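The report that follows looks at selected sites of a single structure, taking buried polar residues, salt bridges, a helix and the ligand surroundings in turn.

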Amino acid sequence: MLRLTCLAVGLLLGGINGQITQFNRIDCYPQPGANQQTCQSRGCIWDSNFDSSHPTVPLCYLPTGTGYTGANGAPGTYILTKKAGSFVNPYGADSGHVIVSSQLIGKTLNVRFVDQSFTNRYEPPIGIPKNPSTSSSNDVLQFNPVNVGNQNLFSFTVTRASKGPNFWDTSIGGLIFSDKYIQIATLLPSQSIYGFGEAIHPSIKHDFSRYTTWAMFARDEAPDSASALDTKNLYGVHPFYICVESDGKAHGVFILNSNAQEVTTGMAPHLIYRTIGGMLDLYFFPGPTPEEVVNQYLALIGTPMLPAYWSLGFQLCRWGYQSLQDIQAAVGRTQAAGIPLDVVFSDIDYMNHDEDFTTGSAFAGLSQYVDQLHAQGLHVTLIFDPAIEVDYDTFQRGLNTGARFIEWPASYPVPSTNSLYPMTANTKIMLGAVWPDRHTAFPDFLDENITQGESSSATDKWWAGEFTLYHSKIAFDGIWIDMNEPSNFGTNQASTGHEGIAPLACPLTGSNNALDSPPFQTQAVYLFGNGNYLSTKTLCMLGKTGGGKYNFYDTKSLYGWSEARATQKALNTATGKRGVVISRSTFPSAGRYTGHWLGDNTARWEDLRTSVIGAMEFNFFGIPYVGSDICGFIGSPTEELCLRWQQMGAFHPFSRNHNIAGTPPQDPAMWPSVAAAAKKALLFRYHYLPHLYSLHYDATLYGHTVLRPLFFEFPSDSATLTLDKQFLWGSAFLITPVLTQGANSVDGYFPSGVNNDEVWYSIYDFNYAQATPPGPNQLPAPVTSMIPVHVRGGYILPRQAPATTTTAAKTNPFELLVAIKGVRGAGTAQGQLYWDDGEASPSAVDGTYNYYKWNFAYSETPMGAQLTLQRVNTVNGMSVPTLDIIELFGYKFSPSFQSFALDGNPLTLDMSSSFYNASVNQAYIKATNLIDLTKLNSGTPSVLSWRHTLM
Ligand SMILES: *[C@@H]1O[C@H](CO)[C@@H](O)[C@H](O)[C@H]1NC(C)=O
Ligand SMILES: *[C@@H]1O[C@H](CO)[C@@H](O)[C@H](O)[C@H]1NC(C)=O
């Protein structure tokens with residue numbers, strides 16, 4: 001066991017023993033209202049010299065010597081004892097004893113701080129798998145505790161055994177533990193920090209030229225991309241970041257906590273983490289590549305669900321369809337314009353008075369229309385909100401079957417509102433008001449009442465039952481869950497906005513206010529100004545969840561997570577298929593159950609830009625099925641903005657145009673130019689869907705990202721560390737969207753790689769098949785062309801000729817695009833394809849998929865090329881289209897079309913389509929039924945070979 005050592009001399013920068021400068025401070029007054037008097041009354045230091053060139057520097061800061069002294073506890077643990085000092089915790093009594101322990105989970109290091117003074121500390125009940133992680137490096141992470149300085153203050157570092165930078169170094173001081181205020185601060189090894197959410201980040205890399213505090217508490221809050229900086233918390237919570245160190249190695253850190261929390265990034269660079277409940281449960285991921293950091297994170301929290309194949313098609317939605325005819329008109333316009341379309345949505349319009357599982361009279365023909373869409377190969381996703389009106393059969397069935405709803409505590413007097421409804425009159429159910437006309441109850445999806453022989457709680461069973469019943473009327477395929485922060489109208493206000501519906505009032509003062517008015521409320525309250533509380537726009541913090549086991553104060557940010565888990569089960573039960581769920585609120589591991597859209601954005605260029613960043617961040621968070629509302633939700637887009645958004649959005653896994661009520665339609669067929677651009681971009685997307693689907697398989701099986709920024713692939717190229725306007729599908733497919741008004745061209749960056757041998761081939765309108773010079777490039781991008789897309793040499797991408805539905809495209813023959821890396825004598829490329837029926841549930845996890853690997857190589861002696869095709873996994877009886885086309889880029893030989901053979905058996909090509917273009921080194925090989933993929937060798941790969949001559 002490690003013995004705690006004492007370093008008598010403070011070698012370390014910052015608070016414990018070093019000097020406190022403007023740039024390594026820990027804010028001692030992290031709420032509004034700091035002045036000399038309030039600051040000093042806490043025993044903190046007040047700096048009266050405001051520096052206008054560094055206006056974010058905290059003026060009230062913690063003195064040195066704030067923290068704990070460590071001693072050895074039980075083997076592998078340390079006991080921290082509060083150190084006397086000038087600072088007096090204003091947020092409650094300090095914990096007398098904090099126990100620190102560490103353990104390895106595979107390559108992941110877990111460090112836990114649990115305070116013993118407060119019994120039964122809450123931990124998020126999310127049952128994450130915690131699978132051991134792996135790494136390409138043999139290095140092992142080390143937890144190094146130490147007492148430092150004259151004051152013997154406990155701190156720790158996390159390092160690799162091979163040394164290198166400290167991931168964390170808490171010698172900066174500032175450790176505080178109390179029941180409703182926990183704080184830890186650390187120095188960071190680099191400023192290249194990415195992640196933390198859900199928030200609008202103006203750049204993908206955090207900005208360490210200032211102090212910035214990001215709130216994290218699930219909230220129904222629309223993103224604001226137009227402000228220079230808006231640090232408000234949005235719908236979900238993701239306390240996870242990735243750091244790229246100075247040599248390009250990466251690591252990551254996750255803090256498992258679901259209370260209201262916040263993180264400050266400071267200039268040292270350092271970060272300060274604060275939470276108002278639970279404990280410090282820290283996970284360090286060693287990388288050493290950014291992609292491995294995500295793999296390691298997802299081994300811990302669980303890998304994402306596999307979306308149904310159809311959900312990779314284009315989706316059309318709006319709020320404000322007045323009737324079924326409005327939906328039919330929008331769908332009709334889209335189809336008439338030849339724009340690919342797979343999924344038709346309805347927002348709450350289709351419901352009868354906004355009640356879940358009902359159909360309004362203006363949508364009476366919805367059932368027949370859904371059947372018609374199915375016959376055309378399309379699918380339907382409907383919205384369902386969690387809040388259930390308390391006076392109709394859905395709610396009655398919930399009560400009858402033991403479903404639980406969020407409740408007042410047993411001892412709390414129930415408001416008179418409950419007596420307005422026969423079904424709630426003698427219950428403790430906490431009533432709110434959302435879209436329905438009358439009061440609503442909020443299902444308690446953390447209910448753990450699982451009776452013998454069941455796999456679901458009574459609440460989840462009721463929820464699934466309601467979907468099943470409704471599915472027997474309207475055969476929807478996907479479920480969209482909204483308002484699940486959960487959102488409530490009018491909490492603590494005079495009105496709910498509904499005629500005659502009393503709002504929910506929480507105990508903000510008085511003897512029951514401990515949870516609703518805690519001493520420190522986080523920026524999730526302070527950023528919104530006076531009159532805001534943790535319960536604003538939601539339920540009261542003293543509410544009970546988990547069938548009475550938990551406080552809503554602790555579990556609020558898990559509401560969307562828990563609803564997503566229940567809803568995925570409900571979808572599978574109701575449809576018997578995989579389908580797809582998308583959720584507004586998410587929490588770590590929500591990706592196992594749901595995708596996400598980036599919320600109620602606005603039709604502005606700024607929102608188009610931040611959606612590129614947001615989609616990459618949700619890939620860090622293990623929710624790769626993500627996209628923004630194309631053309632913007634709030635407001636009306638200009639024709640040009642909508643066109644550029646359709647072009648960019650065609651490359652987000654979740655690709656949906658969506659619009660707010662009361663604005664003109666903005667579906668792409670509304671403008672001929674947008675229709676043409678959308679058609680072109682989506683047909684292009686559909687051509688490469690087998691590649692996109694295979695990336696989702698890799699995400700589900702191994703915890704990979706689907707979308708990623710360039711620094712994920714080239715972390716040692718420092719130019720990539722700030723790039724957030726381009727993104728990749730996997731490793732090899734680079735999208736350079738146009739994000740500015742009036743552009744005819746766009747700047748992109750094409751990394752040359754550590755060996756200076758990367759090649760990026762254009763696959764869009766300009767210079768097709770040709771390599772783009774490495775480095776920064778300006779590329780033509782008029783509105784009449786596609787946005788630039790390039791494929792990276794060394795990769796083989798599977799594709800299929802597109803169609804206007806995925807259902808039709810999925811039956812077309814396969815093609816392989818072979819993008820060769822290397823020159824003369826050593827050209828190679830490789831790739832893979834996962835294939836299944838696209839909607840069977842479950843899939844992936846139980847191996848019911850076909851998996852192929854391809855490898856291309858050529859040689860000059862003897863002169864020839866080989867494409868090995870390996871059938872790694874097949875499912876008997878599953879139909880797999882034939883491979884008919886092989887296109888090669890960077891191929892500097894003239895192929896002998898008569899010499900093609902599969903495992904030595906000659907093949908006849910279609911010479912009216914096959915060609916070699918020497919001026920661009922492109923070969924195109926085609927024959928109907930060229931290769932039957934179901935008949936390939938499974939052990940030793942099959943070999944497609946041919947001869948060629950040097951050009
Ligand atoms: C547990 O669920 C069953 C139905 O599955 C129900 O009858 C019972 O009342 C529930 N118990 C509690 C404590 O909610
Ligand atoms: C070869 O490719 C170039 C560039 O795309 C094109 O201009 C030319 O027409 C092609 N040649 C043939 C024979 O197809």
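Histidine 270 belongs to strand E18, which covers residues 270–275, in what is a predicted model. Because its relative accessibility is 0%, and buried means under 20%, histidine 270 counts as buried. Once its neighbours within four places in sequence are set aside, histidine 270 is in contact with Phe23, Asn24, Arg25, Ile172, Thr186, Leu187, Leu188, Phe208, Tyr211, Thr264 and Thr265. One of these residues, arginine 25, places its backbone oxygen 2.8 Å from a polar atom of the histidine 270 side chain. Threonine 21 is 249 residues away from histidine 270 along the chain, and the C-alpha atoms of the two are separated by 13 Å.

Asparagine 257 is found in the loop between strand E16 (250–255) and strand E17 (261–266). With a relative accessibility of 2%, asparagine 257 is likewise classed as buried. What does the side chain of asparagine 257 make a polar contact with? Its partner is the side chain of threonine 275, at 2.9 Å, while a polar atom of the asparagine 257 side chain also lies 2.8 Å from the backbone nitrogen of asparagine 259. Beyond its neighbours within four places in sequence, the contacts of asparagine 257 are Pro124, Pro239, Tyr273, Thr275, Gly277, Gly278, Met279 and Phe587.

**Salt bridges**

How many salt bridges does a search of the whole structure find? The search returns 40, and three of the pairs are set out below with the distance between N and O atoms.

| Pair | N to O distance |
|---|---|
| Arginine 578 and aspartate 836 | 3.1 Å |
| Aspartate 607 and arginine 604 | 2.8 Å |
| Lysine 680 and aspartate 765 | 2.4 Å |

The side chains of arginine 578 and aspartate 836 meet in a salt bridge, and this pair links distant parts of the chain, 258 residues apart, with arginine 578 in the loop between helix H9 (559–575) and strand E28 (580–583) and aspartate 836 in the loop between strand E43 (828–835) and strand E44 (850–860). Arginine 578 counts as buried at 8% relative accessibility, and aspartate 836 is also buried, with a relative accessible area of 1%.

In the pair formed by aspartate 607 and arginine 604, aspartate 607 is buried at a relative accessible area of 1%, whereas arginine 604 is partly exposed at 25%.

The salt bridge between lysine 680 and aspartate 765 again links distant parts of the chain, since lysine 680 sits in helix H12 (residues 672–687) and aspartate 765, 85 residues apart from it, in the loop between strand E37 (760–762) and strand E38 (771–772). Here lysine 680 is partly exposed, with a relative accessible area of 33%, and aspartate 765 is partly exposed as well, with 34%.

Some charged residues are joined in a wider arrangement: Glu291, Arg708, Glu713, Asp757, Glu758, Arg792 and Lys821 are linked in a network of salt bridges.

**Helix H11**

Helix H11, which comprises residues 639–649, is mostly covered, with 9 of its 11 residues buried. The buried residues in H11 are Leu641, Cys642, Leu643, Arg644, Trp645, Gln646, Gln647, Met648 and Gly649. Against which elements do the buried residues of H11 pack? They pack against two helices, H10 (605–620) and H12, and against strands E31 (629–630), E32 (656–657) and E34 (727–729).

**Surroundings of the ligands**

Ligand 1 is surrounded by Thr401, Gly402, Arg404, Asn449, Thr451 and Ala458, a shell that divides into 1 nonpolar, 4 polar and 1 charged residue. An N or O atom in the side chain of arginine 404 is 3.3 Å from an oxygen atom of ligand 1, and a polar side-chain atom of asparagine 449 lies 2.3 Å from an oxygen atom of this ligand. On its own, ligand 1 has 370 Å² of accessible area, of which the protein covers 50%.

Around ligand 2 the residues are Asn917, Ser919 and Val920. Asparagine 917 has a polar side-chain atom 2.3 Å from an oxygen atom of ligand 2. Taken alone, ligand 2 exposes 360 Å², and the protein buries 32% of that area.

Note on methods:
Residues are numbered from 1 along each chain as its sequence is written. Chains are lettered from A and ligands numbered from 1 in the order in which they are written. This is a predicted model: local features need pLDDT of at least 70, side-chain atom pairs count only at pLDDT 80 or more; totals for chains, interfaces and linings use all residues. Side-chain values use heavy atoms; hydrogens and water are left out. A residue is near a molecule or strand if one of its heavy atoms lies within 4 Å of it. A polar contact is a pair of N or O atoms within 3.5 Å; within protein, one must be able to donate a hydrogen and the other to accept it, and residues adjacent in sequence count only if both atoms are side-chain atoms. Accessible areas come from the Shrake-Rupley method with a 1.4 Å probe; for residues, only the protein chains shown count as cover. Ala, Val, Leu, Ile, Met, Phe, Trp, Tyr, Cys and Pro count as nonpolar, Asp, Glu, Lys and Arg as charged, and the others, Gly among them, as polar. Helices (H or I, at least four residues) and strands (E, at least two) are DSSP runs, numbered from the N terminus. Buried means under 20% relative accessible area, exposed over 50%, partly exposed in between (1.4 Å probe, protein chains only). Contact means heavy atoms within 4.5 Å. A salt bridge is a side-chain nitrogen of Lys or Arg within 4 Å of a carboxyl oxygen of Asp or Glu.
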